Amino acid sequence: MNTEELQAKKGRREPIVVLTCYDSPTAAWQEAAGVDVVFCADSVGTNLLGYDDERQVTMDDMIHHLKAVRRGLRGGAYLLADLPYGSADTPGEALDNSLRFTALGADGVKLEGFKPEVVTALGERGLDVWCHLGLNPQIHEAPRIQARTARAAALLVERALRLQEAGAAFLVLELIPEEVGRAVTERLDIPTIGIAAGRYTDGQVLVVTDVLGVHEFDLRHVRRYGEFARQGTRGIAAYVDDVRQRRFPAAGQGWRMKEAEAAEFDRWLSGHPPEDR
């Protein structure tokens, strides 16, 4: 799916489906399921790599996982890559790192915070820029609701409009009141993608490990569609038990030598050299 097709969904009021992804098999599952945008996000740090927060994720981390996700995609899903902490502080730095991502197959790049000058620099090079307002995990230390006051909400709307003017192609809105998400969406020509931003954005994004129940916690804005943690633990426990009880491997789950070769091998074990054939 290309940029124009995604942006056209806003006019048709067709929701855009975005899901984070960190590896090749999951990318294949998402594409087969019809996800519009497969998002290689910096949430890989806390959800897969065991980091304390997203700020520990490096460009090398992102490149490693972006390559894996790209290898898992065979159809038309759009691949979005997250610029990690410290990789887009200046227009030049953001451009260099964005070009590294697009050279590896990313269709667009996402950056956090209000950086219109960076957006313009990337847009002038023909790159799809996804901006991100509201809660920014790379900037805010605690996951608190943003734009809760009238003044803060108005500032967010104004910044959203400025980013669109600067050349943003899409805007992610995270952890803001539903009213604010609706106001931004109604005022922008470009699509908005919400995460904990209510019902009125042009699309939704969630973290894949939250959707699949990989971690044993519940979040207010998440709906769990799987229980991978429980299913995985049960499956591994069954494997452990089968190995310890010598039920695995069973007959038929291995290979045997041809009879003549087995006989010759037995001769060798008995001290006789195998015959040349």
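**Close-up 1. The second largest cavity and the residues around it.** V18, F39, L80, K110, W130, V172, I193 and V205 line the second largest cavity. This view, like the others here, comes from a predicted model. Sort that lining by class and you get seven nonpolar residues, no polar ones and one charged one. The space they enclose has a volume of about 30 Å³.

**Close-up 2. The largest cavity and its mixed lining.** Here the volume is about 50 Å³. Look for T209, D210, H215, F217, D218, L219, V222 and R224, which line this largest cavity. Their classes are a mix: three nonpolar, two polar and three charged residues. How many cavities of 30 Å³ or more are there? The count comes to two.

**Close-up 3. The largest pocket.** Now for a pocket, with a volume of about 940 Å³. The lining of this largest pocket takes 36 residues, and the closest to its centre are L135, P137, E174, I195 and H221. Which elements give two or more residues to the lining? They are helix α3 (44-47) and the strands β4 (108-112), β6 (170-174) and β8 (203-206). By class, the lining of the largest pocket has 16 nonpolar, eight polar and 12 charged residues.

**Close-up 4. The second largest pocket.** This pocket has a volume of about 580 Å³. Of its 23 lining residues, A196, G198, Q204, L206 and H221 sit closest to the centre. If H221 rings a bell, that's fair: H221 is also among the residues closest to the centre of the largest pocket. Two elements, β1 (16-20) and β8, give two or more residues to the lining of the second largest pocket. β1 gives the most, with four residues. Split by class, the lining of this second largest pocket has 17 nonpolar, three polar and three charged residues.

**Close-up 5. Helix α2 crossing helix α4.** Follow helix α2 (residues 24-33) and helix α4 (residues 59-72): their axes come within 7 Å and cross at roughly 45°. Why call the pair oblique? An angle under 35 degrees would count as roughly parallel, and 65 to 115 as roughly perpendicular; the angle of roughly 45° falls in neither range, so α2 and α4 are oblique to each other. The crossing of α2 past α4 is right-handed. On the α2 side, S24, A27, A28 and E31 make the contact, meeting A68, V69, R71 and G72 in α4. The residues of this contact divide into four nonpolar, two polar and two charged.

Key. Residues are numbered from 1 along each chain as its sequence is written. This is a predicted model: local features need pLDDT of at least 70, side-chain atom pairs count only at pLDDT 80 or more; totals for chains, interfaces and linings use all residues. Side-chain values use heavy atoms; hydrogens and water are left out. Axes are lines fitted to C-alpha atoms, for helices over the stretch in contact, and angles run from 0 to 180 degrees between N-to-C directions. Angles under 35 degrees count as roughly parallel, over 145 as roughly antiparallel, 65 to 115 as roughly perpendicular and the rest as oblique. A crossing is left-handed if the near helix is turned anticlockwise from the far one by less than a right angle, and right-handed if clockwise. Contact means heavy atoms within 4.5 Å. Ala, Val, Leu, Ile, Met, Phe, Trp, Tyr, Cys and Pro count as nonpolar, Asp, Glu, Lys and Arg as charged, and the others, Gly among them, as polar. On a 1 Å grid over the protein atoms alone, a cavity is a set of points where a 1.4 Å probe fits but cannot get out, and a pocket is an open set with protein on both sides within 12 Å along at least five of seven lines; lining residues have an atom within 4 Å of a point. Grid points are joined across faces, edges and corners, and a volume is the space filled by probe spheres set on the points.
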